[in-house]
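Trainee: Could we walk through how the helix packing and the empty spaces in this one get their labels? I'd like to see the reasoning, not just the words.

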Amino acid sequence: MDTTLEVPRGLAGVVVTETGLGDVRGREGFYHYRQYSAVELAAVRGFEDVWHLMFRGTLPVDAAERAAFTAEIAPLRRLPEEVRDALPDLARATRLSGPLAGLRTALSLLGASAGFRPVYDLDPDRRAADALAACAAVPTLLTALHRLGQGLEPVEPRDDLPYAANYLYMLTGREPDQARARAVEQYLMSTVDHGFNASTFTARVIASTGADVAACLTGAIGALSGPLHGGAPSRALDTLDAIGTVDRIGPWIRERVLAGDRIMGFGHPVYRTEDPRSRMLREIALRFGGPLVDFAVEVERQVEEILAELKPGRELHTNVEFYAGVVMELCGLPREMFTPTFCAARVVGWSANILEQAADSKIIRPAARYTGPTPPQPVPLLP
């Protein structure tokens, strides 16, 4: 008996598993990590606290528990010698593709050199240790690949700096000021996890096969690299550059909308209200102020007016990418590092999903409907 089910294209709205890690409630404009609002966490806590929550199920109860977790992470930021030695050649080989492409290979090498084994063969503690090591190393790998690609020497991580500040330090070689470090930290915290998006689902599919943590994360990075997923922050900022001046906003947007083009930084497949991440990042941008922020706010206002006029009945607002690009630009990150920076946060969410999936040994194997020529047909013989 045929037991296959017809489901929506792209699995939209299909529940494929259960998770205790978080959820997105699109109609409400709300998402959460475990039992806490993700936006509230970003407002009052630090990145390491969210990492602890996603991996261990609870927030640190006091400063001592936070310090212990931070001390556990800090030495894992340093790369094994064989990985560090391979990075110059890897940076040269990926100079046209960028650090995110290089990360796929670097992370595979890290897993191999550290002896990561299939999660299927490991106990929960060993799986978690591999995931922790991979997450801690990702910022070091990304910043080293970027700097090497620019003809600069990598900057060694510092044990005394929090995750976000250390990331900026390794990227620029300078300790960031508190305002920029906190802005980047809040951005990173807001993007740790966001439901069963394409990259998270990819990580879980690979984890369901029992593969090692590095293999799962490499697949997730590949999914993230697509412009319809994580590749949009710099593209949204490119839109602001293309518009150029306030008087060009209306004509430029109308022309693109009427041509059927997508306006990068607007609209989301889940949210039917304002993206809560965009709201938070707008507030961060407004703290900095300046011409770029003023222009972005005016573009947002006019775009929403035009979209409401030309696409009535549809709720189209800024998504996380629009103000993420503005905030990262204000904090001095180069545009080619926008999506890698997103990855530096999402790796924690991917890893938490990998650990959750690894606890369930059922392989994910959906079906496809065949639409090719009717079989069986005779195999033609060569004349």
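Mentor: Sure, we'll take two helix pairs and then the cavities and pockets, keeping in mind that this is a predicted model.

Trainee: What makes α5 oblique to α6?

Mentor: Start with the angle: the axes of α5 (residues 99-113) and α6 (residues 124-149) cross at roughly 135° and come within 9 Å. Roughly antiparallel needs an angle over 145, and roughly perpendicular runs from 65 to 115. The crossing falls in neither range, so α5 counts as oblique to α6. As for handedness, α5 passes α6 in a right-handed crossing.

Trainee: Which residues of α5 and α6 make the contact?

Mentor: From α5 you have P99, L100, G102, L103, A106, L107 and L110. From α6 come A133, A134, A137, V138, L141, L142, L145 and H146. By class that is 13 nonpolar, two polar and no charged residues. G102 and H146 are the polar ones, because Gly and His are not among the nonpolar or charged types.

Trainee: Why is α6 called roughly parallel to α7?

Mentor: The axes of α6 and α7 (residues 163-172) cross at roughly 20°. The cut-off for roughly parallel is under 35 degrees, so this pair qualifies. Their axes come within 8 Å, and the crossing is right-handed.

Trainee: What is the class make-up of the contact of α6 with α7?

Mentor: It divides into six nonpolar, four polar and one charged. The charged residue is R147 of α6, because Arg counts as charged. Facing α6, the α7 residues are Y163, Y167, M170, L171 and T172.

Trainee: On to the empty spaces: how many cavities are there of 30 Å³ or more?

Mentor: Three. The largest cavity has a volume of about 50 Å³, and its lining includes H268, Y271, D275, E315 and H317.

Trainee: What makes two residues of that lining charged?

Mentor: D275 and E315 are in the lining, and Asp and Glu count as charged, so those are the two. The rest divide into two nonpolar and six polar.

Trainee: And what about the pockets, which residues lie closest to the centre of the largest pocket?

Mentor: The largest pocket has a volume of about 1700 Å³. Of its 47 lining residues, F196, N197, H268, P269 and V270 are closest to the centre. β1 gives the largest share of the lining, three residues. The second largest pocket is about 750 Å³, with L5, V7, L11, P366 and A367 nearest its centre.

Key. Residues numbered from 1 in each chain as written. Predicted model: local features only at pLDDT ≥ 70, side-chain atom pairs only at ≥ 80, totals over all residues. Heavy atoms only, no water. Axes fitted to C-alpha atoms, helices over the stretch in contact; angles between N-to-C directions. Helix = DSSP H or I, 4+ residues; strand = E, 2+ residues; numbered from the N terminus. Left-handed = near helix turned anticlockwise from the far one by under 90°. Contact = heavy atoms within 4.5 Å. 1 Å grid on protein atoms, 1.4 Å probe; cavity = no way out; pocket = protein on both sides within 12 Å on 5 of 7 lines; lining within 4 Å. Points joined across faces, edges and corners; volume = space filled by probe spheres on them.
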